[in-house]
Amino acid sequence: MTDTVVDAADRQRFEIVRDGEVLGHAAYQKTDQMVIFTHTEVAPSMEGQGLGGRLVRSALDQVRDSGLQVLPICPFVQAWMSRHPEYQDLDYRRPASNVTD
């Protein structure tokens, strides 16, 4: 039982898929600078199993690899990013650091 997260760009969403069945998705809109996450949903029968977190983590990893930033309008993505500081640098709203050595 392996979950795979794919970018279904034609449907403007990342999907978490198991054995060919879509179990959830994170809808987005894309610009030249960022990916705007608007809604995340997991099948009701699959809630509470960590699928949403795995979906968001993989989607954000794919966005990071593309060199874009994220605007998390979706409350789930927003909350997930706030709990995972290693992804907060992707947030488009985050001010640039002025720290120097």
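What share of contacts between residues at least 6 apart in sequence joins residues at least 24 apart in the protein? The share is 39%. The model is predicted.

**Overall build**

The protein holds two helices and five strands. Along the sequence they run in the order β-β-β-β-α-β-α. The chain has 101 residues, for which a compact globule would have a radius of gyration near 13 Å; the value here is 14 Å, so the two agree. Along the principal axes, the C-alpha atoms occupy a box of roughly 50 × 30 × 20 Å.

Of the 101 residues, 40% are buried. The accessible surface amounts to about 6200 Å². Carbon and sulfur atoms account for 48% of that surface. On the charge side, there are 10 positive and 15 negative side chains. The centres of these two sets are 3 Å apart.

**Aromatic residues**

How many aromatic pairs does the protein have? The count is four. Among them is the pair of Tyr-28 and Phe-37, with an edge-to-face arrangement. Their ring centres are 6.4 Å apart, and the planes meet at 65 degrees. This angle counts as edge-to-face because it is over 60 degrees. Tyr-28 and Phe-37 are both buried. Together with Phe-14, they make up one aromatic cluster.

**Ala-59 and its contacts**

Ala-59 sits in helix 1, which spans residues 51-66. Is Ala-59 buried or exposed? Its relative accessible area is 1%, so Ala-59 is buried. Outside the four places on either side in sequence, Ala-59 contacts Val-5, Phe-14 and Phe-37. Two of these partners, Phe-14 and Phe-37, belong to the aromatic cluster with Tyr-28. Glu-15 is 44 residues from Ala-59 in sequence, yet their C-alpha atoms are 8.7 Å apart in space.

**Gly-24 and its contacts**

Gly-24 is part of strand 3. With a relative accessible area of 4%, Gly-24 is buried. Beyond residues up to four places away in sequence, Gly-24 touches Phe-14, Glu-15, Ile-16, Glu-41, Val-42 and Leu-55. Phe-14 is thus a partner of Gly-24, and Phe-14 is also in contact with Ala-59. A separation of 25 Å lies between the C-alpha atoms of Gly-24 and Asp-89. Along the chain, these two residues are 65 places apart.

**Loop residues with positive phi**

Most residues other than glycine have a negative phi. Two loop residues depart from that pattern here. Gln-12 has a positive phi of about 50 degrees and is not a glycine. Gln-12 lies in the loop between strand 1 (3-8) and strand 2 (13-18). Asp-19, likewise not a glycine, has a positive phi near 50 degrees. The loop between strand 2 and strand 3 (21-30) holds Asp-19.

How exposed is each one? Gln-12 is partly exposed, because its relative accessibility is 42%. Asp-19 is exposed, because its relative accessible area of 72% is over 50%.

The table sets out the accessibility of the four residues discussed one by one.

| Residue | Relative accessible area | Class |
|---|---|---|
| Ala-59 | 1% | buried |
| Gly-24 | 4% | buried |
| Gln-12 | 42% | partly exposed |
| Asp-19 | 72% | exposed |

Notes:
Residues numbered from 1 in each chain as written. Predicted model: local features only at pLDDT ≥ 70, side-chain atom pairs only at ≥ 80, totals over all residues. Heavy atoms only, no water. Helix = DSSP H or I, 4+ residues; strand = E, 2+ residues; numbered from the N terminus. Rg over C-alpha atoms; globule rule 2.2 N^0.38 Å. Buried < 20%, exposed > 50% of the residue type's maximum accessible area, 1.4 Å probe, protein only. Contact = heavy atoms within 4.5 Å. Areas by Shrake-Rupley, 256 points an atom, 1.4 Å probe, with all protein chains shown as cover. Lys, Arg positive; Asp, Glu negative; His and termini not counted. Charge placed at Lys NZ, Arg CZ, Asp CG, Glu CD. Phe/Tyr/Trp six-rings, centres within 6.5 Å; stacked < 30°, edge-to-face > 60°.
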